[in-house]
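Visitor: I would like to know what the terms used for this protein rest on. Please show it first, and then we can take them one at a time.

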Amino acid sequence: MAQHDYINKKPAGRNSKKQAPAKKPFPILLVLVALILVGGFAYGLWFIKSNADPKLVEKQANPTPTKKVEVAIPRTPEFIKEIREHEIQVEVKEIEQKGPYVMQCGSFKTHAQAESLKAKIAFAGLISEIKEAKGSNGIWYKVRLGPYKTKRQAESDKNKLKRVKIVGCGIWGWT
């Protein structure tokens, strides 16, 4: 098999007819504008230096020391001293508890539906119970939580249930 020199060989399919880009002319206008701007800046500095007020230049070169002003600390008014020493008497009333509370989250015709809701409540981290109630319509299965000493505790558990999308729970006084 014959050896071929692929390094020095130019590809056959390429056209090398591209012309080199034309050389750009020297930007005379841009240079003139730059020279005018630099010259104007130098003239402005010379003009400011030659027309400066000698008194102001001397004052800036040798500033006079400023006198320290003593700030008088204001004394506290008498009424503030009286307020600090004053003692307030407050009468605290006992809030009467209206009794224990119970929260009912559902009432169902079948025991399986009540068990399903009880399981959802258990997944929320709360303990519930199913009460069987006999009425004129037949047997009903009520899912209840509690008893709670305060209504605030019952509301707290009700909000926990709302976060897991169990709504419709009612809080009543426990009988």
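Guide: Begin with β1 and β3, two antiparallel strands joined by 6 bridges. The model is predicted: local features need pLDDT of at least 70, side-chain atom pairs count only at pLDDT 80 or more, and totals for chains, interfaces and linings use all residues. Residues are numbered from 1 along each chain as its sequence is written, and side-chain values use heavy atoms, with hydrogens and water left out.

Visitor: How do you know that β1 and β3 pair?

Guide: Two strands pair if DSSP finds at least two bridges between them. β1 and β3 have 6 bridges, so they pass. As an example, Tyr101 has Tyr148 in β3 as its bridge partner.

Visitor: What makes β2 and β3 a pair?

Guide: The rule is met again, with 7 bridges between β2 and β3, and these strands also run antiparallel. Ala133 stands opposite Trp140 in β3. A hairpin connects β2 to β3 through 2 residues.

Visitor: Why are β2 and β4 called edge strands?

Guide: The open sheet has 4 strands in the order β2-β3-β1-β4, with antiparallel pairing. β2 (129–135) and β4 (170–173) each pair on one side only, hence the name. From one strand to the next, the twist averages 40 degrees. Helix α5 packs on this sheet, where it touches β1, β3 and β4, and its direction makes about 35 degrees with that of β1. Axes here are lines fitted to C-alpha atoms, for helices over the stretch in contact, and angles run from 0 to 180 degrees between N-to-C directions.

Visitor: How many helices and strands are there in the chain?

Guide: There are 5 helices and 4 strands, in the pattern α-α-α-β-α-β-β-α-β along the sequence. Both kinds are DSSP runs numbered from the N terminus: H or I over at least four residues for a helix, E over at least two for a strand.

Visitor: How do you know that a disulfide joins Cys105 to Cys169?

Guide: The sulfur atoms of Cys105 and Cys169 are 2.1 Å apart, and the cut-off is within 2.5 Å, so the pair qualifies. The whole structure holds 1 disulfide. Its angle about the S-S bond is 110 degrees, and the link of Cys105 and Cys169 is right-handed. Cys105 sits in strand β1 and Cys169 in the loop between α5 and β4, so the bond ties together parts 64 residues apart in sequence.

Visitor: Are Cys105 and Cys169 buried or exposed?

Guide: Both are buried, that is, under 20% relative accessible area; exposed means over 50%, and partly exposed lies in between (1.4 Å probe, protein chains only). Buried residues are 13% of the 175 in the chain.

Visitor: Which residues touch the most other members of the largest nonpolar core?

Guide: They are Met103, Cys105, Ile121, Leu145 and Leu161, out of 16 residues. The core is a set of buried Ala, Val, Leu, Ile, Met, Phe, Trp, Tyr and Cys residues joined through side-chain atoms within 4.5 Å. At least two of its residues come from each of β1 (101–108), α4 (111–123), β3 (138–148) and α5 (151–163). β3 gives the largest share, 4 residues.

Visitor: Leaving aside neighbours within four places in sequence, which residues is Ile121 in contact with?

Guide: Contact means heavy atoms within 4.5 Å. On that test, Ile121 meets Cys105, Leu126, Ser128, Val143, Leu145, Leu161 and Ile166.
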